[in-house]
Amino acid sequence: MQASTLFVTIVILSVFGYYFGYKRAHDVAKPVGGVKSLHSLPSYYGSWTALWCAIPALLVLAVWTMFQGAIIDGLLMQNLPAEFAHMGADERSMVVNNVKTLAEGGMVISPSEGVKAAAEDYKRYSSISALAMAALALSAGLAFLAVAWRRIRPELRARNRVEKIILFLLVSCASLAILTTVGIVFSVLFESVQFFNRVSIFEFMFGTHWSPQIAIRADQVGASGAFGAVPLFVGTMLISVIALLVAVPTGLMSAIYLSEYADKRFRSMAKPTLEILAGVPTVVYGFFAALTVGPFLRDMGVVFGLDVSAQSALAAGLVMGVMIIPFVSSLSDDVISAVPQSLRDGSYGLGATRSETIKQVVLPAALPGIVGGVLLAASRAIGETMIVVMAAGLTARLTANPLEDVTTVTAQIVTLLVGDQEFDSPKTLAAFALGLMLFVTTLILNVVALRVVRKYREQYD
Amino acid sequence: MTKQSMSKVEAHLARRYAREKRFRFYGLLSVFVGFAFLVVLFTSIISKGYTAFQQTYIQLDVTYDADILGLYDNPTESDWLYANYDGLIKAALRERFPEVTSRSEKRELYKLVSSGAKFSVRDSLDNNEELLGTTATLWVLADDDLDSVLKGHIDRTLPEADRRVKDQHLVWIDSLVENGEVEKRFNTVFFTHSASAEPEQAGVWGAIKGSFFTLIVTLVLSFPVGVAAAVYLEEFAPQNRWTDLIEVNINNLAAVPSIVFGLLGLAVFLNFMGLPRSAPLVGGLVLTLMTLPTIIISSRAALKAVPPSIREAALGMGASRMQTIFHHVLPLAMPGMLTGTIIGMAQALGESAPLLMIGMVAFVAEVPQGITDPATVLPVQIFQWADLPERGFVERTSAAIMVLLAFLIAMNAFAVYLRKRFERRW
C-alpha cells in the first residue's frame, strides 16, 4: 500500500473513531442522566478518540517513510550477489541505483543476472516494507482507538485533553521556524566542513583565483588554488554597492516626498504603484537586465568610446537597485512617519522651511531606522540570485570596474549545483561553503538591522 | 534693521525657497524614476512578447500516399503510429515548389515546415484507411524561422551571411505569402504544449501545471502550519526565552536569501530523505519553509486586529480559551490571514532560485500528472528560455513572462478584493 493511500485510510479510520467516541459518550451518559451529566460536550469525546487513533498511526507512517529508504538500501548492499563484493563503496552504490531503476520498470543497459536478481530482491523488500508499514500503522491506530474508546466515562475531562493535544500541535507548528533554521545551519555546515577538509579555509577565504571547473579533473587535487573565493566576494560587493547607490537615494527621496509633501490622493496612487516593483518576480528583472539593459549599456559604451561588457556589473546592479527601491522606500516611510509631529512643529515654529525641517530634524531623528532599512536592503542585494545569474557573467574577475563582467556568490552556487553532479566532489561542496558564507553574512546584517530598527522604535512609543 | 541687512535677508530667503523647491522636485523625480522604470519594463516585455500569441501556419496539399507512408494491407495500430507522415509533407512541398531539384536545395526546402507538422498530418488522417490515396488541404505548423520572417523579426537588409534565414528561403516565403498560403493564427500550441527544443512547438502548459502542483503543496502545508504558529504566538505563548527564540527565528527566516532554502532542500529533502528530484512535492516543501514567515507575520497582524472585547465576551460566557479562539477570534481574523496567504503564494509563484537547486530546471517535455512527476515551474521555464538564442524563444520568453504576471496580478487583485470585502474595522 502506498503512503498516500495509507494516509487516506488513517484519516477515514479516525473519522470512524470520532463517530464511535461520540456514540459511546451518549451511551455512557444515558444511565446517569443524559448528555448534561458528561464533563464535556459529546463531540470532544469523539475528537479525543479520533486524535488517539490518528496520531500514533501517522507517527508510524512518518517514521517509517523517513527511514525505509535507508534501511532497504542497507539490506540491498549487504545482500548484493558475490560478483559485486570486491567493489568499492562508490561502485556498489552505482549498482544499487541500477537495481532500483530496473525494479521500478526503467531501462538499464544490459543488466547482469546478479543485478536482475537483486532487482527482484529490491521489489520484495519494498513490498514487504510497504505491507509491514500499513499493518503496523493501522494496528497502532486501531489499538489506540480501542483503548481510548474503552476509557470514555462521563467524568473523563475530554475537552481539556483535546485542548492539550491541540496546544501541543500549535507549539510544534511554531517551533518549525527553529527547526528550519537548525536545518539550514546543519545542511550547509555539514557539507562545508567536508569541503574545508579538502580545501583549506584560508585558501577559500583569501585566495584570489576561482576556477572550480579545473578541480573536477581526476589528476588534480582540489587545493590547487582553484577555490579562492575573493573574486566572488568582490563581485558581490560591487554589484550590491551599485544597487544600493541606485536604491537608497531614490527610495529615500520618494519616501520623503510621499510622506511629507504628497497629498493623500497622489500618495494612495503612488505607493501601491511603487510596490508593484517589489512584486515583479526576480526572473523577470533578470530577463530585462540581460536582454534590454545590458545591450543598451554596451551600445551606449560604443557611443562614448567605452568598452562595456554585455554582461556588465553595472547592468545587473542598476536593475537590482530598481528592484529594491520599494523595499527601501517602504521601510523609510515607516520610520519617517514614526517621527513625532511635535518635532516638526518645533522646527517650523523657529522659521525653518519644510526641506530644512526634513534635513535637519526629521532625517536625523529617523536615521537609525533608515540605517536599519539600508542594512536589510543590502542583505537583499547580496542574496539576490536570478538577476545576477542571468545578467552578470560567470568569469571570476578581481576588479572594481563596473563596466566589466564579474560573478557573484549566488551566481556561482547556481552554476555549481545545476545540472548533473556527484555529491562528493569539491565542486559541489564548494557551493555549500559559499552558501554558508552567504547565510552568515546575511544573518549578521539582518540581526544588526532588526536590532537597530527595534531599538529606534521604542524611543518614541 | 538697516535697509542693507533687510536686502541681505531677502536674498537669503530667496535662496532658501529655491532650495526648498529643488528638494521637493528631487522627491517627485525619484517617485517618477520608479514609475518610469515600471513603464519601460512593461513596454519592453509586451513589445517583445505580444507577437508570440500568434503563430504562422502553412497551407499544403497533402496526398495520403500509402507507398510513402509505408502502409500496406491491413496496417496495425503501430504501423499507423510510426508511418512516414514526414514523407507526405516533403512530397507536398516538392509538389508546391517543382523548380527545386537538387538534394541540398530540397533539404533547405523541408526546413520551411516545423518538425511537429507530422503530428497534425497524422491527426488529420486519423487511422482512416479510406482516406488513403485522396488529397487534403491542410494547414500545418510553420518553422520558427519562417514565423520570425513574417513577424518582421529578421532584418532582410542584412547581408545573407549575417542572417539566420537564407535568401533562398526568403524567395520561397515570399511566393507562399503572395498566394495566401501562409496564415497567422492564435497560438494555441503555446498554451497547450510543454517545453520543446523547437520554438514553434514550445508551450507553457507543462510549466503552468508544474507551478500549480507546487503551489498546491505549498498551500496545503503552509496555510495550516502558518495559522497554527500565529495562533500560538499571538494567543497562547508565554513570555519566555523559547517564545523569544521562535520570534527571532521567524524574523530572520523572512530575510534569509531564498537560494539558501534551496540548499536546505537539496541537502535535507533530496540527499537525506531521498525524495524524488525535480518533483513539485519537494518544490512545494522548500517554498513552504520560505513562505511560512510571511504567512505567520501577516496572520499575527490579523489576530492582533481582532479587539479584545470579543475574547472577553466569549470567556465571560464560559468558553475555554481554545473555544474562544477557534470559535470567535479565528473566523474574524480569517480574511486577513487569507490575504496574507495569497500574497505569500504570489511570492512563491514568482520564486525560482531555490527551485533551481532541487533540480526543477531539468528539460521536461511531458506535462506532469502529479506531485511526484518531474516538472518545472513557470519562472524556471522563463529562465531556461531566456538562455536560448532563437528569436522565436525571445518572444516566447516575454509571452511566458506576461502569463506569469497575469497570474500574479490576478492573485494580488483577489487579495485586495478579499481585504476590501471582508475586512472589518472595529
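These are my notebook entries on a predicted model with a chain A and a chain B.

**Entry 1: the interface**

I began with the place where the two chains meet. I looked up how many residues take part, and found 77 from chain A and 73 from chain B. The size of an interface is often given as the accessible area lost when the parts come together. For chain A and chain B I noted about 6,600 Å² buried between them, with 78% of it on carbon and sulfur atoms. Which residues of chain A lose the most area to chain B? They are A:Leu170, A:Phe287 and A:Phe288, and together they make up 9% of what the chain A side buries.

**Entry 2: a residue that touches both chains**

I then picked B:Ala386, which I found in helix H17 of chain B, residues 378-386. Is B:Ala386 buried or exposed? I put B:Ala386 down as buried because its relative accessible area is 18%, and the cut-off for buried is under 20%. Leaving out neighbours within four places in sequence, B:Ala386 is in contact with A:Phe287, A:Leu291 and A:Met390 in chain A, and with B:Thr397 in chain B. One of these partners, A:Phe287, was already in my notes as a residue that loses area to chain B. I also checked B:Ala386 against B:Arg16: they are 370 residues apart in sequence and 51 Å apart in space, C-alpha to C-alpha.

**Entry 3: the nonpolar cores**

Next I looked for nonpolar cores. The largest has 177 residues, and those with the most contacts inside it are A:Phe195, A:Trp210, A:Tyr285, A:Ile413 and A:Leu434. Where does the largest share of this core come from? It comes from helix H7 of chain A, residues 230-261, which gives 15 residues.

I followed A:Ile413 a little further. Setting aside neighbours within four places in sequence, I found A:Ile413 in contact with A:Ala431, A:Leu434, A:Gly435 and A:Leu438 of chain A. From chain B, A:Ile413 meets B:Ile259, B:Leu263 and B:Met357. There is also a second, separate core of 33 residues, and among its members I wrote down B:Leu88, B:Ile89, B:Leu109 and B:Val149.

**Entry 4: the cavities**

I searched the whole structure for cavities of 30 Å³ or more and got three. The largest has a volume of about 60 Å³. Which elements give two or more residues to its lining? They are helix H5 (158-198) of chain A, with helix H11 (241-255) and helix H13 (280-305) of chain B. H5(A) provides the largest share, five residues.

From chain A, the lining has A:Cys173, A:Ala174, A:Leu176, A:Ala177 and A:Thr180. From chain B, I listed B:Ile250, B:Leu253, B:Leu289, B:Leu292, B:Pro293 and B:Ile296. By type, the lining divides into 10 nonpolar residues, one polar and no charged.

**Entry 5: a positive phi**

Most residues other than glycine have a negative phi. I stopped at B:Ser278, which is not a glycine and yet has a positive phi of about 60°. B:Ser278 sits in the loop between helix H12 (258-272) and H13 of chain B. I counted B:Ser278 as buried because its relative accessibility is 7%.

**Entry 6: three more helix residues**

A:Val96 belongs to helix H3 of chain A, residues 89-103. With a relative accessibility of 4%, A:Val96 counts as buried. Its contacts, without neighbours within four places in sequence, are A:Asp73, A:Leu76 and A:Met77. The C-alpha atoms of A:Val96 and A:Leu80 are separated by 8.5 Å, with the two residues 16 apart along the chain.

A:Ser47 is part of helix H2 of chain A, residues 42-78. I marked A:Ser47 as partly exposed because its relative accessibility is 22%. Beyond neighbours within four places in sequence, A:Ser47 is in contact with A:Tyr18 and A:Val162. A:Ser47 and A:Phe67 are 20 residues apart along the chain, and 30 Å separates their C-alpha atoms.

B:Arg122 was my last stop, in helix H6 of chain B, residues 117-125. B:Arg122 counts as partly exposed, at 24% relative accessibility. Which residues does B:Arg122 touch, not counting those up to four places away in sequence? I found B:Trp80, B:Leu81 and B:Tyr85. B:Leu81 is 41 residues from B:Arg122 along the chain, and their C-alpha atoms are separated by 8.0 Å.

Technical notes: Residues are numbered from 1 along each chain as its sequence is written. Chains are lettered from A and ligands numbered from 1 in the order in which they are written. This is a predicted model: local features need pLDDT of at least 70, side-chain atom pairs count only at pLDDT 80 or more; totals for chains, interfaces and linings use all residues. Side-chain values use heavy atoms; hydrogens and water are left out. On a 1 Å grid over the protein atoms alone, a cavity is a set of points where a 1.4 Å probe fits but cannot get out, and a pocket is an open set with protein on both sides within 12 Å along at least five of seven lines; lining residues have an atom within 4 Å of a point. Grid points are joined across faces, edges and corners, and a volume is the space filled by probe spheres set on the points. Helices (H or I, at least four residues) and strands (E, at least two) are DSSP runs, numbered from the N terminus. Ala, Val, Leu, Ile, Met, Phe, Trp, Tyr, Cys and Pro count as nonpolar, Asp, Glu, Lys and Arg as charged, and the others, Gly among them, as polar. A nonpolar core is a set of buried Ala, Val, Leu, Ile, Met, Phe, Trp, Tyr and Cys residues joined through side-chain atoms within 4.5 Å. Buried means under 20% relative accessible area, exposed over 50%, partly exposed in between (1.4 Å probe, protein chains only). Contact means heavy atoms within 4.5 Å. Buried area is the accessible area (1.4 Å probe) that two parts lose on being put together, summed over both.
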